[in-house]
Structures are given as C-alpha cells and as structure tokens.
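The exercises below concern the pockets and the overall fold of one chain. Work through each task before reading its solution.

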Amino acid sequence: MAHINRRDLGLLVLRTGTGAVLAAHGTQKLLGWFGGGGVEGTATAMEHMGFSPGRQSAVAAGLGEAGGGALLALGLATPAAGAAAAGAMAGAVAVHAPAGFFAQSGGYEYPAFLGFTAAAIGLAGAGRYSLDHVMGHRFDQPWTVALAFTGCALAAAGVLTKRSKAQAEGADRAAM
C-alpha cells in the first residue's frame, strides 16, 4: 500500500478548492454562469472600471480566472495557471483597492487572497496528485515558472498602468 503524502494531499485540496472558485468566477465573466454578466455584461462593467477595451479585458480576465482555475484544479501547467490567475486577481485588487482592505466594505481582501494562493500554488507546484506529475512535469519546469510569472507580471503592470493613466485623464477632464 502506497504511503499517502500529507503535503501532496494538502496541495490537492488547496488546488482543487482554489481552482474551482477561480473557474466559477471566470465562467461568470465568459459564459454568464452563476449570475454573471457573460462577456457583453462584463465588457460594459470593465469599461466602467477603466479597463479599455472592455471586451478584450473581459475575455482576458475571464480566461485568466476560468482557465487558470481549471488548470490549477487539474494540476496541469501549474506555473502558468497560477501566474495567469494571480495576474487576473491583480486587476481585481486594483478595482477594489479604493474601498480599503476588508471585503465587508468592498475592499480587496478576497481577490488578494485568491491571487496570493494561486501564485503560491504556481510557485510550489501541483504535487504528486496532479496531471503535471502524471505527465512527468513536462509543463512544470523551472524555466516555465520564470517565464509565466515574469510574463503575467509585465502584462498586469501594463494593463494597470494603462488603466491608471485613463482614470487620471478622465479626472482631469471632469475637473475642467
């Protein structure tokens, strides 16, 4: 009888729980499931939040959440999945940041937690009970960790910088 490794079992539970939450959240954006707005409703909301163009922003956020979450739950391409989900959550943190930290006042507590958890899983790896392990860690190499997290960090920084500039320009126009 094989010895069950508690660390790998813990990673399985953490991956599937976090991945399922992220995937459900992303399908709200992409497909309108679970009371979500779908791409069109999310695109409109994204424009109001300062993300432009709205449709591309909605698709990117939805794919980062749904795709990253599904891959995390499966333990497949874990570095890319964790980085994509963390990058999507960086955008959500920026939206909620003006309301402070705690979720009860509309703050960024919840998306920050999801983002940090996804990033930690992406860095730690999926563990033995994963598709990455079954596939010989083909998509979980040190270079994929570096590439995925660097790429997603640069993309998130670019998107958030563009949003900040657009919001500043909007505030300047409103002040005139």
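**Exercise 1. Describe the largest pocket of this predicted model by volume and lining.**

Solution. Start with the volume: the largest pocket holds about 820 Å³. Next, take the lining, which consists of 41 residues. Met46, Ala61, Ala88, Gly91 and Ala92 are the lining residues nearest the centre of this pocket. Then assign the lining to elements: α1 (6–31), α2 (38–48), α3 (54–74), α4 (78–96), α5 (109–124) and α7 (142–175) each give two or more residues. The largest share comes from α4, with nine residues. Finally, sort the lining of the largest pocket by class: 22 residues are nonpolar, 15 are polar and four are charged.

**Exercise 2. Repeat the analysis for the second largest pocket.**

Solution. The volume of the second largest pocket is about 200 Å³. Its lining has 15 residues, and Ala86, Gly87, Ala90, Gly115 and Ala119 lie nearest the centre. Two or more lining residues come from each of α4, α5 and α7. Among these helices, α4 supplies the largest share, six residues. By class, the lining of the second largest pocket contains 13 nonpolar residues, two polar residues and no charged residues.

**Exercise 3. Which element gives the largest share of the lining in the largest pocket, and which in the second largest?**

Solution. For the largest pocket, the element is α4, with nine residues. For the second largest pocket, the element is again α4, with six residues.

**Exercise 4. State the secondary structure content of the chain and the order of its elements.**

Solution. Count the elements: the chain has seven helices and zero strands. Reading along the sequence then gives the pattern α-α-α-α-α-α-α.

**Exercise 5. Compare the radius of gyration of the chain with that of a compact globule.**

Solution. First, find the reference value: a compact globule of 176 residues would have a radius of gyration near 16 Å. Second, take the value for the chain, 17 Å, which agrees with the reference. Third, add the extents: along its principal axes the C-alpha trace spans about 75 × 35 × 30 Å.

**Exercise 6. Summarise burial, contacts and exposed surface for the chain.**

Solution. For burial, the cut-off is under 20% relative accessible area; 36% of the 176 residues count as buried. For contacts, consider those between residues at least 6 apart in sequence: 65% of them join residues at least 24 apart. For the surface, the chain exposes about 9700 Å², and carbon and sulfur atoms supply 69% of that area.

Notes. Residues are numbered from 1 along each chain as its sequence is written. This is a predicted model: local features need pLDDT of at least 70, side-chain atom pairs count only at pLDDT 80 or more; totals for chains, interfaces and linings use all residues. Side-chain values use heavy atoms; hydrogens and water are left out. On a 1 Å grid over the protein atoms alone, a cavity is a set of points where a 1.4 Å probe fits but cannot get out, and a pocket is an open set with protein on both sides within 12 Å along at least five of seven lines; lining residues have an atom within 4 Å of a point. Grid points are joined across faces, edges and corners, and a volume is the space filled by probe spheres set on the points. Helices (H or I, at least four residues) and strands (E, at least two) are DSSP runs, numbered from the N terminus. Ala, Val, Leu, Ile, Met, Phe, Trp, Tyr, Cys and Pro count as nonpolar, Asp, Glu, Lys and Arg as charged, and the others, Gly among them, as polar. The radius of gyration is taken over C-alpha atoms; the globule rule is 2.2 Å times the number of residues to the power 0.38. Buried means under 20% relative accessible area, exposed over 50%, partly exposed in between (1.4 Å probe, protein chains only). Contact means heavy atoms within 4.5 Å. Accessible areas come from the Shrake-Rupley method with a 1.4 Å probe; for residues, only the protein chains shown count as cover.
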